[in-house]
Amino acid sequence: MSELPRKFSVLGLPVHVTTDYPGWLLERLQQGMGTHVVTLNAEMTMQAERNSSLAKVIQSAELVIPDGAGVVLYLRWLLQQKIQRTPGIELAETLLHKLGQTGNDTKVFFYGGAPGVAAKASEFWLSQIPNLVIVGTHSGFHSQQEEEQLRQTLTQLQPQVIFVGLGVPRQESWIAHNRHLCPQAIWIGVGGSFDIWSGIKTRAPAWLGDNNLEWLYRLYKEPWRWRRMLALPEFAAKALVYRFFQLSGVGVASNL
């Protein structure tokens, strides 16, 4: 039995820490225990400060992993926890590899991205792991009628692992509102992972990620993101204030 994740609070949001996220998820999968996985970073945390609906979804998720450098540094420096960053894309990739190794015909579904992107991502993974059972893909851009058809497809297929790449907060909200369609499935919000798997975009060099500077590469590749990057210093400032009041025993306001 894998160790149960320990739960910490980052600006009022839960973060679960364990040394084996994939193993824990595979056990949940075998037991038919539906799970929503949220990959938390500083930007999402700041969005949750202003979006109570997103905050509630994160609070109710069964697994919230430390995806972003800001969240990891908060846990290391302010809570004195020795943890490693767990990017959502790497968790998803490890899980796919493990599913291919087990050969138990676990059904996987890709939903999100521009037209054709999820399908290309599926082709990539099938070329890497022929034993994978990817039962379907669907673009994240569609009409209301097409979305209803997607819901019917999920209900009929009952995939057991569903990757949703719609961006924050859309993917988190969509999973929360639709996970009842496949109640025993593992649902994971994977952001722009389909773009990387399909070859449309590339990840930052490993040395940047290892030094918590992956955000800098994103800014270089997509300078239009600079406004979103303002969430990083905002997160840092709030983290210091929040922790100060926690240590001093003074209550802090929260929208949760």
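Helices (H or I, at least four residues) and strands (E, at least two) are DSSP runs, numbered from the N terminus. The model is predicted, so local features need pLDDT of at least 70 and side-chain atom pairs count only at pLDDT 80 or more, while totals for chains, interfaces and linings use all residues. Residues are numbered from 1 along each chain as its sequence is written, and side-chain values use heavy atoms, with hydrogens and water left out.

**Exercise 1.** Place Gln 152 in the fold, and decide whether Gln 152 is buried, partly exposed or exposed.

*Solution.* Start with the helix: Gln 152 sits in α7, residues 144–157. Next, recall the classes: buried means under 20% relative accessible area, exposed over 50%, and partly exposed in between (1.4 Å probe, protein chains only). Gln 152 has 36% relative accessibility, so Gln 152 is partly exposed. Finally, look across the sequence: Leu 181 is 29 residues away from Gln 152, yet their C-alpha atoms are 8.5 Å apart.

**Exercise 2.** Do the same for Ser 122, and list what Ser 122 touches beyond its neighbours within four places in sequence.

*Solution.* Ser 122 belongs to helix α6, residues 117–128. Its relative accessible area is 8%, so Ser 122 is buried. Contact means heavy atoms within 4.5 Å. With neighbours within four places in sequence set aside, the partners of Ser 122 are Phe 110, Ile 134 and Thr 137.

**Exercise 3.** Describe how α1 and α5 pack.

*Solution.* Take the geometry to begin with: α1 (residues 21–30) and α5 pack at about 55°, their axes 10 Å apart. Here axes are lines fitted to C-alpha atoms, for helices over the stretch in contact, and angles run from 0 to 180 degrees between N-to-C directions. Therefore α1 is oblique to α5; angles under 35 degrees count as roughly parallel, over 145 as roughly antiparallel, 65 to 115 as roughly perpendicular and the rest as oblique. Then turn to the residues: Tyr 21, Pro 22, Leu 25, Leu 26 and Leu 29 of α1 meet Leu 91, Thr 94, Leu 95, Lys 98 and Leu 99 of α5.

**Exercise 4.** Which residues have the most contacts inside the largest nonpolar core, and which helix gives the largest share of this core?

*Solution.* A nonpolar core is a set of buried Ala, Val, Leu, Ile, Met, Phe, Trp, Tyr and Cys residues joined through side-chain atoms within 4.5 Å. The largest has 57 residues, with the most contacts made by Ile 58, Leu 75, Phe 110, Phe 163, Phe 194 and Trp 197. Helix α5 (residues 88–102) supplies the largest share, six residues.
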